[in-house]
Every structure is written in structure tokens, then in C-alpha cells.
Amino acid sequence: LVAPSQPLNKNSMYCNLLQCTDFSDTCVLAERDGEAVGWISGYRPPGEPCTLFVWQVAVHEAARGLGLARKMLFALLERPELSDVTHIRTTVTPDNDASRALFRSVAKRADAVMRETAGFDQDQHFHGRHDSERLITIGPMRREAQRRPQQDRSAA
């Protein structure tokens, strides 16, 4: 699912397997008719137990426009293992408007502030081989805002 989901970086199969095993509490897979249509990988940064770093969000083109990415992210946050998460952090390339829209909608739904700051620089950190990444931080989140009644969730 990650390979055809541009502009995501393709990780090794080994890396993806480690995400599914060692970081299973912070990853989610959405399936439709037995096929993977959505994937979020994340982790808790060392020393920051109340932060979920969202590494990758992939949604199959056949499932786009349905709010699946936001639903998967809130499904992660509703897990008992992540009940103490108050902040989300991620990095996004400057031209990735879809990701920015996703995280803005997450911040709004969680009644939280979204901040965007410098992250990793194309030349300084990637030696020109990768686009710059902006750091997005959301939080603190109001947990009760995330758990609105089911009928309200699709409208958010």
C-alpha cells in the first residue's frame, strides 16, 4: 500500500514488518473486502510518552475522499494503550496539502492547536536528496472532543 501511495518514502519490507510487530500499538491497517486500503504507522518518541509521532499515512486511491485517514488516526487514539497521548507530531513536505488538511481537521476535532515549524532541511539534513520536512505539532488535545457521539463523527 505504501509503494503506490505517492509521495510516501518506500521503506524496506523489513522496516514495515518491524512497524507491524514492535510498534503494533501505534499502527493501524484498514481493510475493505480483505484488501488493505489504509495504513498509519507511528511510534512514541523516546522520553515523550504523551506524544504520538505519525510516521506515514497511506490511503489507497480507491478509498480517498472518505475521511479514512482521520478515522484511522482517531481509532489509534481511542486505544487504551494510547489513552495518555496528549500531542501528535509529524513531518510534512511543504507541498503536501492533503496531509496538512488531514492534520488541521484532526486538530479541530480534538479542540487543539496545530503548530507548524521548521523541521528537517533539504540541504542541511538530507544533502539535497529529499525534500525539506516541516514539523507539525498538535496539542494538547481534549480527549472528550475526540469521543463525540458516532453520528457527529462523520460531519467533523
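In this predicted model, a good place to start is a group of aromatic side chains: Phe23, Tyr43 and Phe53 come together as one aromatic cluster. The count of aromatic pairs in the structure comes to 2. A pair of this kind is described by how far apart the ring centres lie and by the angle between the ring planes. Another aromatic residue, Phe74, has a charged companion: the charged end of Arg109 is placed over the ring of Phe74, at 4.2 Å from the ring centre.

The framework around these side chains can be read from the strands. Six of them, in the order β1-β2-β3-β4-β6-β5, make up an open sheet with mixed pairing. The edges are taken by β1 (28-32) and β5 (114-120); each has a single partner strand, so one side of each is left without a neighbour in the sheet. From one strand to the next, the twist averages 25°. Helix α3, covering residues 97-109, packs on this sheet and touches β3, β4 (87-92), β5 and β6 (133-138). The direction of α3 makes about 15° with that of β6.

Strand β3 offers a helpful view of the mixed pairing. With β2 (residues 35-43), strand β3 (residues 51-59) runs antiparallel, and 6 bridges join the two. One bridge partnership here is that of Gly42 with Val54 in β3. With β4, in contrast, β3 pairs in the parallel sense, over 4 bridges. Here Leu52 has Ile88 of β4 as its bridge partner. Strand β3 is also mostly covered, as 7 of its 9 residues are buried.

Charged side chains add further links, and the structure holds 4 salt bridges. In one of these, the side chains of Asp84 and Arg44 meet with an N to O distance of 2.9 Å. Asp84 belongs to the loop between α2 (68-77) and β4, while Arg44 belongs to the loop between β2 and β3, so this pair ties together parts that are 40 residues apart in sequence. Both partners can be placed by their accessibility: Asp84 counts as partly exposed at 34% relative accessibility, and Arg44 likewise counts as partly exposed, at 24%.

A further salt bridge brings together the side chains of Glu48 and Arg89, at 2.7 Å from N to O. This pair links distant parts of the chain, with Glu48 in the loop between β2 and β3 and Arg89 in strand β4, 41 residues apart. Is each partner buried or partly exposed? Glu48 is partly exposed, having a relative accessible area of 28%, whereas Arg89 counts as buried at 19% relative accessibility. The cut-off for a buried residue is under 20% relative accessible area, so the value for Arg89 falls on the buried side.

Glu116 and Arg134 also form a salt bridge, in which the closest N and O atoms are 3.3 Å apart. Glu116 lies in strand β5 and Arg134 in strand β6, so the pair ties together parts that are 18 residues apart in sequence. At 30% relative accessibility, Glu116 counts as partly exposed, and Arg134 is partly exposed as well, with a relative accessible area of 29%. This pair belongs to a wider arrangement: salt bridges that share partners join Arg100, Glu116 and Arg134 into one network.

Terms used. Residues are numbered from 1 along each chain as its sequence is written. This is a predicted model: local features need pLDDT of at least 70, side-chain atom pairs count only at pLDDT 80 or more; totals for chains, interfaces and linings use all residues. Side-chain values use heavy atoms; hydrogens and water are left out. Rings of Phe, Tyr and Trp (its six-membered ring) pair if their centres lie within 6.5 Å; planes under 30 degrees apart count as stacked, over 60 as edge-to-face and the rest as tilted. A charge sits over a ring if NZ of Lys or CZ of Arg is within 6 Å of the ring centre and within 35 degrees of the ring normal. Two strands pair if DSSP finds at least two bridges between them. Axes are lines fitted to C-alpha atoms, for helices over the stretch in contact, and angles run from 0 to 180 degrees between N-to-C directions. Contact means heavy atoms within 4.5 Å. Buried means under 20% relative accessible area, exposed over 50%, partly exposed in between (1.4 Å probe, protein chains only).
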